[in-house]
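Subject: Structure handover

Hello,

Please find the structure below. My notes on the ligand site and the sheets follow it.

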Amino acid sequence: LPPGPTPLPLIGNIHQLIYLIWKLNGIVPTLDFYRKKYGNAYTIWLGPMPTVNITDYEMAHEIFVKNGKKCQDRQLAPVLEHISGGHGILAANGENWAEMRRFTLLSFRKMGVGSGLMEKKIMAELDGRCSELDAEIDKNGKVTVPVDFFDLTVGSVINSLLVGKRFDENSKDEFLKIKKMFDDSSETFNLFDLNVPVWFLKWVLPWRFRITWDARQNILSHVGKEAVERFQKLKDGTYDLDSEEPKDLVDCFLAKMRSENEKGQDGHPGYNMDALKLVLHDLWLAGQGTTATSLYVGFLKLVTHPSVILKIQKELLKITQGSRDLTLQDRPNTPYLNATIAEIQRFTSVLNVNFWRINDELISFRGFQVPAGTMMTAQIGALHVNEQLFENPDEFDPERFLRNEKLLQQLIPFGIGKRSCVGEQLARSELYLVLGNLLLRYDIRAHGALPTNMDVFPYSSAKLPDTSGKFEFRKIQKT
Ligand code: HEM
């Protein structure tokens with residue numbers, strides 16, 4: 001195994017980890033500390049289990065792409081596996097996972113993700129949100145924009161894709177309720193919960209087990225409500241499916257479920273209502289907060305770097321002449337905006353600790369022999385602050401990606417290999433269209449003091465910034 005701190009029997013390196021996470025104030029600085037000490041591949045023992053952590057792109061590629069088939073299973077947090085029963089995408093493995101991942105990617109393609117159709121949906125949502133801002137600007141000359149704006153825009157896009165409904169003024173509260181449930185459950189979920197066995201939680205810390213269980217059940221019934229209602233209507237004959245032009249992911253799933261059921265014994269057993277709820281849950285969980293946080297952090301960075309805003313606006317005005325919206329087809333002609341989005345994603349790195357994979361065969365790399373059954377991962381957060389790849393990593397410097405084009409490839413905000421992000425195309429489209437078009441339409445500044453704490457729960461597995469920051473938008477007058 002790669003080198004690492006000396007483990008103690010039974011507890012491994014847990015005592016050192018707890019001390020360092022406390023002393024350095026977070027998981028990413030701790031992983032970075034070990035990288036500096038042991039190199040880009042190092043072993044940390046979580047109790048009796050070794051974990052191999054990778055903080056370099058080339059090495060991550062060698063393991064998770066070249067040896068991709070050997071490590072497509074995820075180390076599932078026992079409590080989440082217990083709740084999901086092995087269904088869904090995030091906390092599933094094997095045939096069930098592969099089928100649901102394939103199904104989701106295919107359905108996304110059918111619904112136009114990565115094509116003009118999805119672009120239209122994103123722009124329609126953005127236009128709707130902007131018209132609310134414009135009404136306020138017409139009255140007061142400016143509008144104050146809190147994090148909810150990004151949350152609702154992204155939440156609406158994902159909700160229309162999944163269940164065909166955007167969040168408007170009437171359903172805004174429903175969105176905020178679901179969002180709060182997700183946030184609360186991520187805040188309480190940490191490194192400990194990722195690994196501890198269910199029996200231990202149930203018997204020794206039953207209140208902690210209840211928090212996770214209740215949160216997930218609540219979320220599942222909220223997110224799945226629409227699907228259950230539609231299934232009922234389908235049974236009553238008051239709803240019909242159009243498998244050629246599905247309205248949303250629920251339609252795609254119900255059509256597939258029907259066709260698999262018709263095959264009888266030969267049909268895939270994974271298509272049932274519990275599985276549908278879990279797929280919806282996973283896509284909502286993985287797709288909403290990540291994208292909205294990237295936009296919010298992006299604007300925090302931009303308003304504190306007004307020269308970057310000016311350069312983007314100059315680039316965008318040149319190609320749109322200020323007379324049309326920015327489209328996905330413009331991407332090859334907006335290198336500065338592309339570089340800025342990359343730098344925002346490097347800063348945001350949404351996971352403090354990436355999910356571990358388990359290799360099912362021995363993996364040899366750089367003289368190390370990692371036996372089957374080891375937990376391995378590319379630690380994205382630590383990789384993105386590795387100064388060997390990203391010089392002066394604490395600086396917000398979009399131009400680093402223009403000075404060295406290879407860097408774009410070495411940035412892996414969506415993970416790497418067989419378990420990389422299913423929503424990458426959708427997220428990239430949203431970041432480009434929302435960020436670019438807002439900068440084309442508005443003069444954007446900070447409203448009051450901005451928070452500097454980018455990780456309010458540095459011990460949790462996801463990175464959650466202080467969301468109290470607000471922005472002021474004023475319309476840019478078109479020439
Ligand atoms: C900026 C936005 C996003 C970022 C930074 C992001 C990042 C990630 C990362 C780092 C992973 C884990 C990869 C690994 O295990 O190596 C992941 C997995 C995943 N993401 Fe995303 N994601 C984003 C948006 C989305 C969206 C919009 C969706 C869905 C609509 C989505 C759905 C998923 C799913 C389902 C997985 C699990 C894939 C699997 O296990 O096979 N993500 N994402």
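An oxygen atom of the ligand lies 2.9 Å from an N or O atom in the side chain of Arg419. Two further arginines make such polar contacts (pairs of N or O atoms within 3.5 Å; within protein, one must be able to donate a hydrogen and the other to accept it, and residues adjacent in sequence count only if both atoms are side-chain atoms): for Arg74 the distance from a side-chain N or O atom to a ligand oxygen is 2.5 Å, and for Arg101 it is 2.7 Å.

This is a predicted model, in which local features need pLDDT of at least 70 and side-chain atom pairs count only at pLDDT 80 or more, while totals for chains, interfaces and linings use all residues. Residues are numbered from 1 along each chain as its sequence is written, and side-chain values use heavy atoms, with hydrogens and water left out.

The iron atom of the ligand has a single protein donor, the SG atom of Cys421, 2.3 Å away. Donors here are N, O and S atoms within 2.8 Å of the metal (3.2 Å for Na, K and Ca); water is not among the atoms, so sites may look incomplete. Cys421 sits in the loop between helix 18 (406-410) and helix 19 (424-441). Helices (H or I, at least four residues) and strands (E, at least two) are DSSP runs, numbered from the N terminus.

The shell around the ligand holds 31 residues, and the closest are Arg74, Trp97, Arg101, Arg357 and Cys421. A residue belongs to the shell if one of its heavy atoms lies within 4 Å of the ligand. Helix 5 (94-110), helix 13 (273-303) and helix 19 each supply at least two shell residues, and helix 13 gives the largest share, six residues. By class, the shell has 18 nonpolar, nine polar and four charged residues. Ala, Val, Leu, Ile, Met, Phe, Trp, Tyr, Cys and Pro count as nonpolar, Asp, Glu, Lys and Arg as charged, and the others, Gly among them, as polar.

Now the sheets. Two strands pair if DSSP finds at least two bridges between them. One open sheet has three strands in the order 4-10-9, with antiparallel pairing. Strand 4 (143-145) and strand 9 (442-446) are at the edges with a single partner strand each, so one side of each has no neighbour in the sheet. From one strand to the next, the twist averages 30°. Angles run from 0 to 180 degrees between N-to-C directions, and axes are lines fitted to C-alpha atoms, for helices over the stretch in contact.

Five antiparallel bridges link strand 9 and strand 10 (471-475); one partner pair is Tyr442 and Lys475. Helix 6 (116-140) packs on this sheet, touching strand 4, strand 9 and strand 10, and its direction makes about 80° with that of strand 10. Contact means heavy atoms within 4.5 Å. Strand 4 and strand 10 are joined by three bridges. Phe471 of strand 10 stands opposite Val145 and also opposite Ala446.

Another open sheet has five strands in the order 1-2-8-5-3, with mixed pairing. Its edge strands, strand 1 (41-46) and strand 3 (73-74), each pair on one side only. Strand 2 (49-54) and strand 8 (375-378) run parallel over four bridges, with Asn53 paired to Thr377. Helix 2 (27-38) lies across strand 1 and strand 2, at about 125° to strand 1. Helix 3 (57-66) lies across strand 1, strand 2, strand 5 (357-358) and strand 8, at about 130° to strand 8.

Regards
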